[in-house]
Amino acid sequence: MLLIAIILSTLAAGIGSVWVAALLMRAGLGSREGGVGQQHLLSLAAGALLATAFMHLLPEAFESQAGAHELFATLLVGLVFFFLLDKAELWHHGHEHSHAGHDHAHHHGHAHSDTPRSGGWTVLTGDSVHCFGDGVLIASAFLADMRLGLIAAVSVLAHEVPHHMGDLVVLRQSSASRRIALVKVSLAGAVTALGGVVGYFLVGQLQDSLPYFLAVASSSFIYVALADLIPQLQKRLTARQTVAQIIWLLLGMGVVMLVSGAAHAH
């Protein structure tokens with residue numbers, strides 16, 4: 001039963017986020033230069049990730065027998081690890097692919113879209129690694145608690161949507177058809193389910209180390225929110241835009257709380 005829940009949730013988070021991204025792009029969201037829609041989604045995703053890490057995954061880890069000192073050490077090592085993965089271009093979320101040339105020197109210096117030929121494969125490799133990692137993280141959350149698993153899956157879905165929008169833009173530059181781009185990114189998304197199954201067996205065998213997996217999951221979420229999403233929101237904005245950003249950030253946190261409440265009641 002648990003394995004089925006993990007597979008369904010990882011598929012929903014992995015492939016569902018790609019399709020949602022494609023639908024939003026078809027609706028014209030995030031396609032404009034510095035598109036407002038994209039900014040709102042980034043805020044929402046950052047809020048969801050931070051709330052999941054700080055309100056759910058970490059408390060769950062600390063309620064275990066594991067020592068606070070060891071868990072904080074794991075969190076720190078996790079953050080450094082994801083920073084290094086980012087350096088290796090395997091974890092990056094360069095949402096700004098589409099504006100490479102003209103948008104503030106293309107944050108993080110991921111100049112994928114300058115080289116559309118190789119860009120597609122680099123993006124897909126990074127995507128697959130990332131989705132596999134997400135799958136393992138969702139599985140560890142499910143093994144701790146069904147409700148926690150659902151929250152993690154929703155959070156992953158939220159932050160993968162703006163990410164996949166960027167990927168689809170890059171792949172459309174490197175491959176002729178929209179459909180091919182969508183299929184390629186969907187396949188990368190499907191790797192999330194593979195990560196979920198591996199995570200289920202791997203973490204299931206290492207039951208005692210579950211709190212540490214949860215700490216690593218938290219460090220991944222915190223890293224993506226703080227290093228990747230929030231820097232893109234720190235442009236000079238009018239007071240009105242700033243308020244909108246904060247509202248969307250809080251909305252992201254609210255979504256996680258709602259899911260948590262619903263899952264709890266269920």
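This is a chat about packing, polar pairs and a surface patch in a predicted model.

Student: Let's start inside. Which residues of the largest nonpolar core touch the most other members?

Tutor: Leu 49, Leu 57, Ile 138, Phe 221 and Leu 229 do, out of the 34 residues in that core. Helices giving two or more residues to this core are α1 (2-26), α2, α3 (68-87), α4 (116-144), α5 and α7 (210-233).

Student: And which element gives the largest share?

Tutor: That's α7, with ten residues.

Student: What does Leu 57 touch, not counting residues up to four places away in sequence?

Tutor: Thr 52, Ala 141, Leu 148, Leu 214, Ala 217, Ser 218 and Phe 221. There's also a second, separate core of 13 residues, with Ala 22, Leu 41, Leu 124 and Val 185 among them.

Student: OK, on to Leu 58. Where is Leu 58 found?

Tutor: In helix α2, which covers residues 36-62.

Student: Why does Leu 58 count as buried?

Tutor: Because its relative accessible area is 8%, and buried means under 20%. Beyond residues up to four places away in sequence, Leu 58 touches Ala 53, Leu 75, Ala 215, Ser 218 and Ile 222.

Student: How far apart are the C-alpha atoms of Leu 58 and Leu 75?

Tutor: They're separated by 9.3 Å, and the two residues are 17 apart along the chain.

Student: Switching to polar stuff: which side chain has a polar contact with Ser 155?

Tutor: The side chain of Thr 52, at 3.0 Å. Ser 155 is in helix α5 (residues 146-174), and its relative accessibility is 0%, so Ser 155 counts as buried. Leaving aside neighbours within four places in sequence, Ser 155 is in contact with Ala 48, Leu 49, Thr 52 and Phe 221.

Student: How many salt bridges does the structure hold?

Tutor: Just one. Arg 147 and Asp 145 meet through their side chains, at 3.7 Å from N to O.

Student: Are those two buried or partly exposed?

Tutor: Arg 147 is partly exposed at 24% relative accessibility, and Asp 145 is partly exposed too, with a relative accessible area of 27%.

Student: What about the surface: which residues form the nonpolar patch?

Tutor: Phe 132, Leu 194, Val 198, Leu 202 and Leu 206 form it, with about 390 Å² of accessible area together.

Student: Which helix gives the most to the patch?

Tutor: Helix α6 (residues 178-205), with three residues. Leu 194 has its place in α6.

Definitions and conventions. Residues numbered from 1 in each chain as written. Predicted model: local features only at pLDDT ≥ 70, side-chain atom pairs only at ≥ 80, totals over all residues. Heavy atoms only, no water. Helix = DSSP H or I, 4+ residues; strand = E, 2+ residues; numbered from the N terminus. Buried < 20%, exposed > 50% of the residue type's maximum accessible area, 1.4 Å probe, protein only. Contact = heavy atoms within 4.5 Å. Salt bridge = Lys/Arg side-chain N within 4 Å of Asp/Glu carboxyl O. Polar contact = N/O pair within 3.5 Å; in protein donor to acceptor, adjacent residues only side chain to side chain. Patch = residues over 30% accessible without salt bridge, like charges linked within 9 Å, V, L, I, M, F, W, Y side chains within 5 Å. Areas by Shrake-Rupley, 256 points an atom, 1.4 Å probe, with all protein chains shown as cover. Core = buried A, V, L, I, M, F, W, Y, C linked by side-chain atoms within 4.5 Å.
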